[in-house]
Each structure stands twice: as structure tokens, then as C-alpha cells.
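I opened this model to look up its aromatic pairing, its core and one strand hairpin. My entries follow in the order I made them.

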Amino acid sequence: MVKKDSGYKKPQDPKSFGAFLKKRAPIYLGLIGLFLLFVYPALTEKDLNSILDDSFEGNERIAVDMIKFYSGPNDSGITILEVIEERINEKHEGQKIFDDENTNARFIVANIPDFLAVNDEFTHSVMLEFSSENNSLITYGWYVNIETGEISPMDNLSKSIQQTVDYSD
């Protein structure tokens, strides 16, 4: 009787799937490494929309969406949220400001009270508050009429954002 060598392996069929994978394993491993190095960080990068709370319902949801997705009178081009994000990135150039744990942004939506003069034209006020690591607070605000779809800025900062949206294509 012949003893079998314990270190002996049966040669694999060169047409088997295992042989195919063994031959190309370094290539696949390299491709996975390149994906993790270059593509994954870009896919997980945060932006302004990713840090905003999206828990509004009913008319408040409509008012927030009107501000978030407003893209000018002809509904084409850049949105208000994209312009605000660009301005924030310009102010914090070279930083990944939205990845910072001290950065936050939120919408504040309120019905316009009857005693205010703008109540004749608008139904809600929508404010976007953005604060960063040095506790600088930037506030943008708009009056919104959810029935007619009209929006109007509350201050000069919001007006410049809306003008950028209105005149860009």
C-alpha cells in the first residue's frame, strides 16, 4: 500500500472557476482597492441637503419644498439650495464644512399671523439657519404663498440668492 503525501494537492482543472479566480485575484483586489480609494469618498461626501432635517408634513412640507426646489421663473437652472451651498463652500474654501460634526442647518417654517401686512399675499415664512464650527449663524428667509407658488425674500441676503437663481440658466 502506498502512503499519500499530506502536502499533495490534486491539480485543478485549468478550465475550472477556481483556477480562473486564482489567476486573476490580484487584478480584482487592485480594482476593489482603487474603488475604495477614489469612488467611495465621493459617494459618501455630505452636502447641504444631507444635513437638513426633512421631517415636515402638510403645508409646511410644501412651503419648504418650494424654497428647496425653486429654480427661477422658468423652472430651469440652479436651485436656491444649490446657490446657498456654493456660497457656503466659497466662504469655507478648502474645508469639507458639511462633514464637520459642529455644522448644522435647519428650516424653520411658520404660518404668517393675521396682523402682519404680508399676510394678504403670503401664507408661510420659511427660514434656513446655517451654523458652522465657529458658531457663525447665517439666516436666509422667504415669504411663501403655497396656493399661488409665489416666493419673496425677507432680506437682502436672501434677495441676492434669489436673484442669482432667477438670472442663471
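**Aromatic pair**

I searched the whole structure for aromatic pairs and found one. The model is a predicted one, and I read what follows with that in mind. The pair consists of F122 and Y143, with ring centres 5.9 Å apart and planes at 25°; an angle under 30 degrees counts as stacked, so I logged this pair as stacked. I then looked up where the two rings sit in the chain. F122 is in the loop between β1 and β2, whereas Y143 is in strand β3, and the 21 residues separating them make this a link between distant parts of the chain.

Next I checked burial for both partners. F122 has a relative accessibility of 5%, so I entered F122 as buried. Y143 comes out at 22%, so I entered Y143 as partly exposed; the limit for buried is under 20%.

**Hairpin**

I followed Y143 across to the neighbouring strand and found S152 of β4 opposite. β3 and β4 run antiparallel and are joined by four bridges. The two strands make a hairpin with four residues between them, and I noted a positive phi of about 80° for G149 in the turn.

**N145**

I looked up N145 next, which belongs to strand β3, residues 137–145. Is N145 buried or exposed? The relative accessible area is 8%, so N145 is buried. I then asked what the side chain of N145 reaches. The side chain reaches the backbone oxygen of E121, at 2.6 Å. Setting aside neighbours within four places in sequence, I listed M66, E121, F122, T123 and E150 as the contacts of N145. F122 in that list is also a member of the stacked pair.

**Helix α3**

M66 took me to α3, where I recorded A63, V64, M66, I67 and K68 as the buried residues. I checked what covers these buried residues, and the cover includes α2, α4, β1, β2, β3 and β4 (150–153).

**Core**

I turned last to the largest nonpolar core, which has 31 residues. Those with the most contacts inside this core are L48, I80, I84, F107 and F130. I noted the elements that each supply at least two residues of this core: α2 (48–51), α3 (58–68), α4 (80–91), β1 (104–111), β2 (124–131), β3 and α5 (156–166). The largest share, five residues, comes from α4.

I took I84 as the last lookup. Leaving aside neighbours within four places in sequence, I84 is in contact with L48, L128, Y140, W142 and I161.

Methods:
Residues are numbered from 1 along each chain as its sequence is written. This is a predicted model: local features need pLDDT of at least 70, side-chain atom pairs count only at pLDDT 80 or more; totals for chains, interfaces and linings use all residues. Side-chain values use heavy atoms; hydrogens and water are left out. Buried means under 20% relative accessible area, exposed over 50%, partly exposed in between (1.4 Å probe, protein chains only). A polar contact is a pair of N or O atoms within 3.5 Å; within protein, one must be able to donate a hydrogen and the other to accept it, and residues adjacent in sequence count only if both atoms are side-chain atoms. Contact means heavy atoms within 4.5 Å. A nonpolar core is a set of buried Ala, Val, Leu, Ile, Met, Phe, Trp, Tyr and Cys residues joined through side-chain atoms within 4.5 Å. Rings of Phe, Tyr and Trp (its six-membered ring) pair if their centres lie within 6.5 Å; planes under 30 degrees apart count as stacked, over 60 as edge-to-face and the rest as tilted. Two strands pair if DSSP finds at least two bridges between them.
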